[in-house]
Amino acid sequence: MSAKELLRAVREAENKYRISKELAERSRYKLAYRGQEISGADKSPVSRDNTYENNLVNMLDLDERAKKDKTAFLRLRTEVIDIINSLDDLKEREILISRYIYYEDWNRIAEKMNYSPRRIFYIHGSALKNFSKVCSKVQ
């Protein structure tokens, strides 16, 4: 995996975790809401229990998926942060962390660091080259 792909993978892993977390939360809500709905309905106990049981199993599966996605995301994020922190230049580290870990836009990074956006792009280019070198040593 190239350095740029590794940096993109962090965002993709976080998005995957957020989606699975949202699905698990919706399933939990649905289970609680439908549980109240079913308890007041005139349905047979067999279909009510079966539906509730299926929804419960689905919710537990989605919770497990969300936990796995969170673990994968945090593991990858930690790996990338460790690689970034191994760079010598503090400015390069700050730009990469701001951009790829905190997802700040270029203008915000420039403002925060008191540089022009053009200067940030220049430092970013250098940071990516150095990040790539460290990545190739690690992998």
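**Exercise 1. Is Leu-60 buried, partly exposed or exposed?**

*Solution.* Keep in mind that this is a predicted model. Start with the helix: Leu-60 belongs to H2, which covers residues 45-85. Next, take its relative accessible area, which is 46%. Buried requires under 20% and exposed requires over 50%, so Leu-60 counts as partly exposed. Finally, look at its surroundings: together with Tyr-52 and Leu-56, Leu-60 makes up a nonpolar surface patch with about 250 Å² of accessible area.

**Exercise 2. Work out which helices supply the largest nonpolar core.**

*Solution.* Begin with the overall fold: the protein has 5 helices and 0 strands, giving the pattern α-α-α-α-α along the sequence. Of its 139 residues, 32% count as buried. Now to the core itself. The largest nonpolar core holds 22 residues, and Leu-6, Leu-7, Val-80, Ile-84, Leu-96 and Phe-131 have the most contacts inside it. At least two core residues come from each of H1 (3-39), H2, H3 and H5 (117-138). H1 gives the largest share, with 7 residues.

**Exercise 3. Check the length of helix H3 and describe its two ends.**

*Solution.* Helix H3 runs over residues 90-101, which makes 12 residues. The expected span is 1.5 Å times one less than the number of residues, so H3 should span 16 Å. The C-alpha atoms at its ends are 15 Å apart, in agreement with that expectation. At the start of H3, a side-chain oxygen of Asp-89 comes to within 2.7 Å of the backbone nitrogen of Lys-91. Just after H3, Tyr-103 has a positive phi of about 55°. Along the helix, the buried residues include Glu-92, Ile-95 and Leu-96.

**Exercise 4. Compare the settings of three salt bridges.**

*Solution.* Side chains of opposite charge can pair when their charged atoms come close. The count for this model is 6 salt bridges; let's take three of them in turn.

- Glu-14 pairs with Arg-18, with the closest N and O atoms 2.8 Å apart. These two sit 4 residues apart in helix H1, so about one helical turn separates them. Glu-14 is buried, at 11% relative accessible area.
- Glu-22 pairs with Arg-26, at 2.8 Å from N to O. They too are 4 residues apart in H1, about one helical turn. Glu-22 is partly exposed at 37%, whereas Arg-26 is exposed at 52%.
- Lys-112 pairs with Glu-104, where the closest N and O atoms are 3.0 Å apart. Lys-112 is partly exposed at 33%, while Glu-104 is buried at 18%.

Methods: Residues numbered from 1 in each chain as written. Predicted model: local features only at pLDDT ≥ 70, side-chain atom pairs only at ≥ 80, totals over all residues. Heavy atoms only, no water. Buried < 20%, exposed > 50% of the residue type's maximum accessible area, 1.4 Å probe, protein only. Polar contact = N/O pair within 3.5 Å; in protein donor to acceptor, adjacent residues only side chain to side chain. Patch = residues over 30% accessible without salt bridge, like charges linked within 9 Å, V, L, I, M, F, W, Y side chains within 5 Å. Areas by Shrake-Rupley, 256 points an atom, 1.4 Å probe, with all protein chains shown as cover. Salt bridge = Lys/Arg side-chain N within 4 Å of Asp/Glu carboxyl O. Core = buried A, V, L, I, M, F, W, Y, C linked by side-chain atoms within 4.5 Å.
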